[in-house]
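This report covers the fold, the nonpolar core and the main pocket of one protein chain.

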Amino acid sequence: MTTASRYQLSFKMKPKRQIYLDPVSRLVAHSVLLPNECWHWLGSVNNAGRPRVALRVKGKARWVYVTQYVLRHIHGETLRRTHLGLHSCDNAMCVNPDHIRRGTQGQNVRDCVARGRHVSGFQVPAGYYAGKYLPSLEG
């Protein structure tokens with residue numbers, strides 16, 4: 001078989017769409033269990049590196065954050081625009097339903113400060129820009 005015909009053959013074959021029996025099996029299929037009981041997401045991520053999953057809504061594919069997917073389809077919660085999925089494990093790639101709870105941006109920031117993960121103020125030393133020292137413009 002020539003290289004060209006092999007590639008043409010592979011382009012003609014379409015992969016079958018995976019059908020999951022329940023929402024948890026979908027998460028398990030795209031994640032790996034870590035020692036700290038986190039389910040590390042191996043599936044698709046957005047430009048910011050957040051886990052996402054494609055859902056069909058009225059015949060069209062729509063990307064949804066996995067945390068929202070967990071809250072709606074596993075926990076059965078109704079979400080407003082202001083609701084986020086907060087992680088109890090501080091691992092943004094974790095999709096374990098036991099580690100995700102509903103919250104707001106304000107709760108997320110308070111949680112971040114309480115756990116010591118928040119950086120406040122401008123943390124770059126004066127006179128530095130992108131790791132290079134800039135001389136003072138004052139005379």
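Along the sequence, the elements of this protein run in the order α-α-β-β-β-β-α-β-β-α-β-β. The model is a predicted one. In total there are four helices and eight strands. Of contacts between residues at least 6 apart in sequence, 37% link residues at least 24 apart.

The table lists overall values for the protein and its largest pocket.

| Quantity | Value |
|---|---|
| Share of the 139 residues that count as buried | 23% |
| Accessible surface of the protein | about 11000 Å² |
| Share of that surface on carbon and sulfur atoms | 55% |
| Space in the largest pocket | about 460 Å³ |

In soluble globular proteins, nonpolar side chains tend to be buried together. Here the largest nonpolar core holds 14 residues, and Leu27, Trp41, Val66, Tyr69, Val70 and Val95 have the most contacts inside it. At least two core residues come from each of strand 2 (39-41), strand 3 (52-57) and helix 3 (66-74). Helix 3 gives the largest share, four residues.

Tyr69 can be followed further. Leaving aside residues up to four places away in sequence, Tyr69 touches Pro23, Arg26, Leu27, Val53, Leu55, Val64 and Ile74.

The largest pocket encloses about 460 Å³ of space. Its lining has 17 residues, with Arg50, Thr67, Gly85, His87 and Asn108 the closest to the centre. Helix 3, strand 5 (83-87) and helix 4 (105-114) each give two or more residues to this lining. By type, the lining residues are seven nonpolar, six polar and four charged. Helix 3 thus appears in two places: it supplies four residues of the core, and it gives two or more residues to the pocket lining.

How values were computed. Residues numbered from 1 in each chain as written. Predicted model: local features only at pLDDT ≥ 70, side-chain atom pairs only at ≥ 80, totals over all residues. Heavy atoms only, no water. Core = buried A, V, L, I, M, F, W, Y, C linked by side-chain atoms within 4.5 Å. Buried < 20%, exposed > 50% of the residue type's maximum accessible area, 1.4 Å probe, protein only. Contact = heavy atoms within 4.5 Å. Areas by Shrake-Rupley, 256 points an atom, 1.4 Å probe, with all protein chains shown as cover. 1 Å grid on protein atoms, 1.4 Å probe; cavity = no way out; pocket = protein on both sides within 12 Å on 5 of 7 lines; lining within 4 Å. Points joined across faces, edges and corners; volume = space filled by probe spheres on them. Nonpolar A, V, L, I, M, F, W, Y, C, P; charged D, E, K, R; others polar.
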